[in-house]
Amino acid sequence: MKQLPQREQTTPQPFAEERNNATPPTRKRIPKWAIYGAIAIATLLAVVWAFRPTPIRVETSRITRGTLQVTVNAEGKTRIRDRYVIGAPVNGQLSRINLTEGDSIPAGAIVAQIDPLPLNASVQQSLAQLAEWRAQREGVATQRPKTAALDQAQSRIRAAIDAQRQAQAKVEQAQAALVQAQRDRKRAQELEASGVVSRRDRESAELNEITRNKELDTAKLAATAASSEVRVAQSALAVLQAEQSDPDYLLKVYDAKIANTEAELSKQKQDAARTEIRSPVSGQVLRIRQKSAQFVAEGTPLLEVGDLSKQELVIDVLSSDATRIKPGNPILIDQAANLTARVRFVEPSAFTKVSALGVEEQRVNVIGDFVNASRSLGDAYRVDTKIVVWQRNDVLKVPLSALSRCDSSTAPTSQQWCVFTTESNRANRQIIEIGERSDREAEILQGLTSNDTVILHPTEQINSGTLISF
């Protein structure tokens, strides 16, 4: 391609001369000292704005007059004042108790019963023995023991000994059967756990063990009776031998035996009459300790009864607080509305109790009586209580949250406290003296007047003269 020749650009001469002869326009410049001065002034204003005193927002309360209560707050529990634990009066087989906890029972109602059959049998046996001793005593004066009678007594002893041996053999046999039944029962339980045998087989093994146990008890009773028969036969032989030489002495022996049997018979009759166990008072069943039928020993606790309308409060407090509590002080109970009590007794002896923090504390039980009974509270219920140890009306008081300890330099004594009052939107430290204190308020003895306003929860940023806002 043919390249065209470039055209030479020329400027007209008159315009070129005009450009060369023209002078450039002048430009104003700001002095550096003015710029630096403006920056310094802006920095100074920023510093002044940042460090200006800013009001601290506070919460305030007005000093008023009113009722002030000083209380000892503690946990307590209710307790039946007169609790009766009814026990088994005699040994025997207890029948199942049909009562349940909470049932109301009148005084004298039958609450439990022991099978009277063994006791009645003992009474009949003692009556027969007494008749025998009396009959034998009557024949002492007219009859003398014969050789045949002595031989008969000896034969009776031998027979009784044989019977005793047989009874002992039956006891050993029953013991062996019981041991085997126990092994069978244990084996059945293990096999049932493994799924080899059924539950019915295991229950049969347990029933067999119970049966063998009863057979052992029966055999032991028979052995005891046989032993008693041996002693009776031996005693009879001794009596016959004594009659050979001294009938007068024999009369004294019979008299002693008759007296002993009569005393035993009297006790047995009393025991037989006590198989029906009755409630000593009207009230409710609080607790049943032995519900099912079983053999019980004399004195075994069976159930507890008491009157729920006759309750008292048991409050354990610190021993340092117990010194301020006096009989007659009101007790306020938080759980129930309009439910109050009064202190009846402060126990003289303290006890050691470990707190939830693991600290050993010396505490004292305070016993209180309800002023108005409540059915909503049962036996051993936990309650939160406040024991009023000091109360006064028309007291000048301040919230505890406004108090702070004064510095040693500003307070002449350690008993004085400080508060911050408000004056012209500024805080003012005021030294005051307080008296009694509750858990929220304190009594003002000196330093403040009614309608003064104090700052609640003062922080370390607040001092005298600090600007505040509400």
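Biologist: At 42% relative accessibility, what does N425 count as: buried, partly exposed or exposed?

Modeller: N425 counts as partly exposed, because its 42% falls between the 20% limit for buried and the 50% limit for exposed. Keep in mind that this is a predicted model.

Biologist: Thanks! Where does N425 lie?

Modeller: N425 sits in the loop between β19 and β20. S424 is placed in that loop between β19 and β20 too. With a relative accessible area of 68%, S424 is exposed.

Biologist: Now the backbone angles. What is the phi of S424, and what is that of N425?

Modeller: Start with the general idea: most residues other than glycine have a negative phi. In this structure, S424 has a positive phi of about 55° although it is not a glycine. N425 is not a glycine either, yet its phi is positive, at about 60°.

Biologist: Let's turn to disulfides. How many does the structure hold, and which residues form a disulfide?

Modeller: In general, a disulfide is a covalent bond between the sulfur atoms of two cysteines. The structure holds one. Its partners are C406 and C418, with their sulfur atoms 1.8 Å apart.

Biologist: Which parts does the pair tie together?

Modeller: C406 is in the loop between β18 (404-405) and β19 (416-423), while C418 is in strand β19, so the disulfide links parts that are twelve residues apart in sequence.

Biologist: And is the disulfide right-handed or left-handed?

Modeller: Look at the torsion about the S-S bond of C406 and C418: it is about 120°, so the disulfide is right-handed.

Biologist: Are C406 and C418 buried or exposed?

Modeller: C406 has a relative accessible area of 14%, so it is buried. C418 also counts as buried, at 1% relative accessibility.

Biologist: Let's try one more residue. Where is E443, and which residues does it touch?

Modeller: E443 is in strand β21, residues 441-446. Its relative accessible area is 10%, so E443 is buried. Leaving aside residues up to four places away in sequence, E443 touches several others, among them L68, W390, R392 and E433.

Biologist: Finally, what does the whole chain look like in numbers?

Modeller: You will find seven helices and 23 strands in the chain. Of its 470 residues, 31% are buried. Among contacts with a separation of 6 or more, 76% are between residues 24 or more positions apart. The chain exposes about 30,900 Å², with carbon and sulfur atoms supplying 50% of that area.

Terms used
Residues numbered from 1 in each chain as written. Predicted model: local features only at pLDDT ≥ 70, side-chain atom pairs only at ≥ 80, totals over all residues. Heavy atoms only, no water. Disulfide = S-S within 2.5 Å. Helix = DSSP H or I, 4+ residues; strand = E, 2+ residues; numbered from the N terminus. Buried < 20%, exposed > 50% of the residue type's maximum accessible area, 1.4 Å probe, protein only. Contact = heavy atoms within 4.5 Å. Areas by Shrake-Rupley, 256 points an atom, 1.4 Å probe, with all protein chains shown as cover.
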